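Subject: Structure for your review

Dear colleague,

Please find below the structure I promised to hand over. My notes on its salt bridges and one of its helices follow.

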Amino acid sequence: MTHSHNLLGEPPATLLPANPEADAELAAGTPPAEVAAHHPTVSAAWAALAEEALRRPERGLTDTVEAYAYARTGYHRGLDALRRNGWKGFGPVPWSHEPNRGFLRCVTALASAAEAIGEHDEQERCTQLLRDCDPSLAP
């Protein structure tokens, strides 16, 4: 016997829609700040900005705070998109679905930046969110 629904009550995975125009700009090497300006709701652009700030050689506190701000913006834009697509604040948001990766990258960058500035509660919340969204993402 097969069932088409989850008997444990876990909601189905939330799969964000792609944004082909923003994806093409990022893939073509358009600077992430330009992509974020053209597509401010696209978490992948904010993730790229946050990751860029976190990777800077000789990274200082200003770079870390900048990364935190970019990641938090992308995180909130991603939450908005998830909610518009049926997410109720819990349930799977799989990394395997490419359009989900911008949001998940923002959460990862936010956790890293929060840890770097000593905001351990935020770092723990982000790590737990990653575990909840896709257990393969956080130890």
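Arg 72 is partly exposed, because its relative accessible area of 22% lies between the 20% limit for buried residues and the 50% limit for exposed ones. Please bear in mind that this is a predicted model.

Arg 72 forms a salt bridge with Glu 122, and the closest N and O atoms of the two residues are 2.2 Å apart. This pair links distant parts of the chain: Arg 72 belongs to helix H4 and Glu 122 to helix H6, with their positions 50 residues apart in numbering. Glu 122 is buried, at a relative accessible area of 7%.

In total, the structure holds six salt bridges. Another one of them is formed by the side chains of Arg 105 and Glu 51, at 2.6 Å from N to O. Here, too, distant parts of the chain are linked, as Arg 105 lies in helix H5 and Glu 51 in helix H3, 54 residues apart. Arg 105 has a relative accessible area of 22% and is therefore classed as partly exposed.

The side chains of Arg 101 and Glu 98 also meet in a salt bridge, with an N to O distance of 3.0 Å. Arg 101 counts as partly exposed, with a relative accessibility of 23%, whereas Glu 98 is exposed, at 52%. In addition, Arg 56, Asp 63 and Glu 66 are joined into one network by salt bridges that share partners.

I also examined helix H4, which comprises residues 61–84. How far apart are the end C-alpha atoms of H4? They are 35 Å apart, in agreement with the 34 Å that its 24 residues should span at 1.5 Å a residue.

Buried residues occur along H4, among them Asp 63, Thr 64, Ala 67, Tyr 68 and Ala 71. Further on in the helix, Gly 74, Tyr 75, Gly 78, Leu 79, Ala 81 and Leu 82 are buried as well. Asp 63 thus appears twice in these notes, being buried in H4 and part of the salt-bridge network with Arg 56 and Glu 66.

Which helices do the buried residues of H4 pack against? Their partners are helix H3 (43–55), helix H5 (101–116) and helix H6 (120–133). Just after H4, Gly 86 adopts a positive phi of about 100°.

Yours sincerely

Note on methods
Residues numbered from 1 in each chain as written. Predicted model: local features only at pLDDT ≥ 70, side-chain atom pairs only at ≥ 80, totals over all residues. Heavy atoms only, no water. Helix = DSSP H or I, 4+ residues; strand = E, 2+ residues; numbered from the N terminus. Expected span 1.5 Å × (residues − 1). Buried < 20%, exposed > 50% of the residue type's maximum accessible area, 1.4 Å probe, protein only. Contact = heavy atoms within 4.5 Å. Salt bridge = Lys/Arg side-chain N within 4 Å of Asp/Glu carboxyl O.
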